[in-house]
Structures are given as structure tokens and as C-alpha cells.
Amino acid sequence: SSDLPFGGTFALSRIIYFDDKYKKIINDNDEEIYNIYKNPEEYSKFCIKMNEIAKKNLNDNNSVNSKKFIEEVENNNINNEKFYNYWKIDKIVRGTIIKILKNINHDKMLNLMKKMEFSNDNYMTVIEKYKNDKNAFIFLDPPYLFSDNSQYMQQKRKEGNDMTDIMIYLHELFNDKNVKCKMMLILNSMHITKWLFKDFIKGNYDKIYSMSKRKENLLIITNY
């Protein structure tokens, strides 16, 4: 089985969609993203509709005229769609059309998602469920330490914790000799993260964020 306890890991399963040998489980603590996972066909239709409106309201530099866009959305009475707030924050506030539909085979993607299991559990619950399964592979992509985790922090403050509790838990998990599953963890490269996981670092790579063009060096950490 393949278990993916943190958000952003759907891309990994998408890459290996052709392999039906393994059961793929995606866990995400973001309820809006989870809602999309659970309603992919509805979200796909919604994105097509929103992109059509956006393309009709372009500035000369191909950026979206946000004022005209929002006016047309409201005139079409779709501003209260359950996906709108997520789509607006992710696609429109940045001022450009994100062409998420251009290179995606929707039928193939929707068929893939039907074969997956999605959950909205606490990440510890998911890990504890599979950590002793020798056939499980757990891919961990948690919020990076001391990065801009404002959305995560908002939720963590409600829970009364900060982000370092995740690092403590993962450090203990990787050093637990009784864990039977294979695990891969991606973290930002810092002196503290390199020290915490010094016995498990297999490599590193640079990630360039598509919108901000900011580059960050990430560590590849495994227990195998």
C-alpha cells in the first residue's frame, strides 16, 4: 500500500497512476482540498467555468482583470459555489490565469482519483495506522520548519501547538527501530533539520516555486 499523510503529495500518486498494483491513500488536513479530492468531477466542471470567465477578462499582459472577473462571477450567480473561495485565493489573487487545464487529461485524472482513497485525518492517526505494515510506503511532505506556514499555524494555534511538535514526532518516528514500513520525508535544508535527521539524509535538491520563483533547498530523508 502507499500512504501519503501530508498535503501536496497527490502529485506523487499522479506520476505512478499507471500502476494499479498498489492501493493509494491521500490524507490532507485542509478541508477545502479534501472537499476537492472527494468531488473531483464537480470541481473539474467548476474550474472550466471559472477559467472561461477569466479568459474573457484579460488585460493586455494576459493577467486577469480581477475587478471585471469578480463582477462577471457575481453576475452569473456563482460566487457562492463551494469551491469559489479556494479557487479565488489560489488562482485569482495572484493576478494570472493558472492554466491547470491546459496539459491535463481530465478523464484520465478523474479515473485515477476514483481508484484512490482520500481521508481528512490527523497525520499521526494515519502514520500510526500503517507504520508497522512492512508493505507500506509512507511519503511525508509536512509544512517546512520556519518557512511561511501561516495557514498551518492558524490551525495549529487552535490546537494549542506550534510546528516544532511535528518535527519532534517525526524525529522519534525515524529513530524508532520497531517501525516496519518504508518512509520518505521531504524537509527544508537547515542546520537544525540536518542535525535532527543526520542519520537518514540520502540527498538534496533545489525546488523553485513557480509563482514567486523563490528557490529552496530540500532534503530527501528515508529510513531505508
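**Reading a predicted chain, one question at a time**

In this predicted model, 66% of the contacts between residues at least 6 apart in sequence join residues at least 24 apart. The chain has 10 helices and 7 strands, and buried residues make up 40% of its 224 residues.

Q: Where in the chain is confidence highest, and where is it lowest?
A: Confidence peaks in helix α10 (residues 191-196), with a mean pLDDT of 95, and is lowest in strand β1 (residues 2-4), with a mean of 42. The average for the chain is 76, and 72% of the residues score at least 70.

Q: What makes residues 93-103 and residues 148-160 places to read with care?
A: Over residues 93-103, pLDDT stays under 50, although the model has 23 contacts there beyond four places in sequence. Residues 148-160 also stay under 50, with 11 such contacts. Where pLDDT is low, predicted coordinates should not be read in detail.

Q: How do you know that Phe69, Glu72 and Val73 are on the same side of helix α4?
A: These three residues of α4 (residues 66-75) are buried. They cover an arc of only 105 degrees around the axis, which puts them on the same side of α4. A helix has a regular twist that helps here: an α-helix has 3.6 residues a turn, so residues three or four places apart point the same way.

Q: Which residues are exposed on the other side of α4?
A: Lys67 and Asn75 are exposed there. Following α4 comes Asn77, with a positive phi near 55 degrees.

Q: Why is the pair of Phe174 and Phe197 called edge-to-face?
A: Two values decide it. The ring centres are 5.8 Å apart, and a pair needs centres within 6.5 Å. The planes are at 85 degrees, and angles over 60 count as edge-to-face. The whole structure has 4 aromatic pairs, and this is one of them.

Q: What does the pair of Phe174 and Phe197 tie together?
A: Phe174 lies in helix α9 (residues 164-174) and Phe197 in the loop between α10 and β6 (201-208), so the pair ties together parts that are 23 residues apart in sequence.

Q: Why is Phe174 called buried?
A: Its relative accessible area is 4%, and buried means under 20%, so Phe174 counts as buried. Phe197, at 0%, is buried by that cut-off too.

Q: What makes Phe174 and Phe200 an edge-to-face pair?
A: Their ring centres are 5.5 Å apart and their planes are at 70 degrees, so the pair is edge-to-face. Phe174 in helix α9 and Phe200 in the loop between α10 and β6 are 26 residues apart, and the pair links these distant parts of the chain. Both residues are buried. Together, Phe174, Phe197 and Phe200 form one aromatic cluster.

Q: Why is Asn175 called partly exposed?
A: Asn175 has a relative accessible area of 33%. Buried means under 20% and exposed means over 50%, so a value of 33% falls in between and Asn175 is partly exposed. Asn175 lies in the loop between α9 and β5 (182-188), and its side chain reaches the backbone oxygen of His171 at 2.7 Å.

Q: How do you know that Lys182 lies over the face of Tyr224?
A: Lys182 is 5.5 Å from the ring centre of Tyr224, and the distance cut-off is within 6 Å. Lys182 is listed as lying over the face of that ring.

How values were computed. Residues numbered from 1 in each chain as written. Predicted model: local features only at pLDDT ≥ 70, side-chain atom pairs only at ≥ 80, totals over all residues. Heavy atoms only, no water. pLDDT = per-residue confidence, 0-100. Helix = DSSP H or I, 4+ residues; strand = E, 2+ residues; numbered from the N terminus. Contact = heavy atoms within 4.5 Å. Buried < 20%, exposed > 50% of the residue type's maximum accessible area, 1.4 Å probe, protein only. Arc of directions from axis to C-beta. Phe/Tyr/Trp six-rings, centres within 6.5 Å; stacked < 30°, edge-to-face > 60°. Lys NZ or Arg CZ within 6 Å of the ring centre and 35° of its normal. Polar contact = N/O pair within 3.5 Å; in protein donor to acceptor, adjacent residues only side chain to side chain.
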